[in-house]
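Work through the exercises below with the structure in view. Each task is followed by a solution in steps.

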Amino acid sequence: MLFSLERTLSVLTVALLLPMAGHAAETTPAPAPAQTATAAATIDEDDEFGPDWPLGPGREDTGYLCGACHSLAIVKQQGLTRGDWDELLDWMVDEQGMAELETSERDLILDYLAEHFNVDRVLK
């Protein structure tokens, strides 16, 4: 039986994405329009982190630290408490070779992660 690779990929794409489309709409509430407009207005087009990194103290430190090894998608999907983020940073130092952070920098990064990428985060 002959088949078209292009057609097979199209069918697979639809089959895989269609169930996720309905699920995403159910579980991912859209941000309020005022929040979206405010965030977009305060993040420059040339911003190296982009709009997915929420504004706030520790944004740059966290962006540089996390972005040195992986994408923001890895950070966004975690959804951890501050304590869990703290343990994850320990694991990265012990198992992944990340450099130890100074206490003040670590606290700043943990505060940022706990505020913006916690268990109650809104996924986009």
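**Exercise 1. Find the order of the helices and strands along the sequence.**

Step 1. Reading along the sequence of this predicted model, the pattern is α-α-α-α-α-α.
Step 2. Counting the elements gives six helices and zero strands.

**Exercise 2. State what percentage of the protein's residues count as buried, and how much of its contacts is long in sequence.**

Step 1. The protein has 124 residues, and 24% of them count as buried.
Step 2. Take the contacts with a separation of 6 or more; residues 24 or more positions apart account for 61% of these.

**Exercise 3. Compare the span of helix α6 with the expected span, then list its buried residues and what covers them.**

Step 1. Helix α6 runs over residues 103-116, which is 14 residues.
Step 2. From first C-alpha to last, α6 reaches 20 Å, close to the 20 Å expected at 1.5 Å a residue.
Step 3. The buried residues of α6 are R106, I109, L110, Y112, L113, A114 and H116.
Step 4. An α-helix has 3.6 residues a turn, so residues three or four places apart point the same way.
Step 5. The cover over the buried residues of α6 includes α3 (59-67), α4 (72-78) and α5 (82-96).

**Exercise 4. Decide whether R106 and L108 are buried, partly exposed or exposed, and name what each touches.**

Step 1. R106 is in helix α6, and L108 lies in helix α6 too.
Step 2. R106 has a relative accessible area of 11%; this is under the 20% cut-off, so R106 is buried.
Step 3. L108 has a relative accessible area of 29%; this falls between 20% and 50%, so L108 is partly exposed.
Step 4. Leaving out residues up to four places away in sequence, R106 touches D86, L89, D90 and L101.
Step 5. With the same omission, L108 touches P57, G58 and D61.
Step 6. L108 and R59 are 49 residues apart in sequence, while their C-alpha atoms are 8.9 Å apart in space.

**Exercise 5. Which residues of α3 are buried, and against which helices do they pack?**

Step 1. The buried residues in α3 are R59, T62, G63, L65 and C66.
Step 2. These buried residues pack against α4, α5 and α6.

**Exercise 6. Describe the largest nonpolar core.**

Step 1. The core holds 18 residues, and those touching the most other members are W53, V75, W85, L89, M98 and F117.
Step 2. Two or more residues of this core come from each of α3, α4, α5 and α6.
Step 3. As background, nonpolar side chains tend to be buried together in soluble globular proteins.

**Exercise 7. Give the volume of the second largest pocket and describe its lining.**

Step 1. The volume of the second largest pocket is about 270 Å³.
Step 2. Its lining has 16 residues, with C69, H70, W91, M92 and M98 nearest the centre.
Step 3. The elements giving two or more residues to this lining are α3, α4 and α5.
Step 4. The largest share of the lining, six residues, comes from α5.
Step 5. By type, the lining residues of this pocket are twelve nonpolar, four polar and no charged.

How values were computed. Residues numbered from 1 in each chain as written. Predicted model: local features only at pLDDT ≥ 70, side-chain atom pairs only at ≥ 80, totals over all residues. Heavy atoms only, no water. Helix = DSSP H or I, 4+ residues; strand = E, 2+ residues; numbered from the N terminus. Expected span 1.5 Å × (residues − 1). Buried < 20%, exposed > 50% of the residue type's maximum accessible area, 1.4 Å probe, protein only. Contact = heavy atoms within 4.5 Å. Core = buried A, V, L, I, M, F, W, Y, C linked by side-chain atoms within 4.5 Å. 1 Å grid on protein atoms, 1.4 Å probe; cavity = no way out; pocket = protein on both sides within 12 Å on 5 of 7 lines; lining within 4 Å. Points joined across faces, edges and corners; volume = space filled by probe spheres on them. Nonpolar A, V, L, I, M, F, W, Y, C, P; charged D, E, K, R; others polar.
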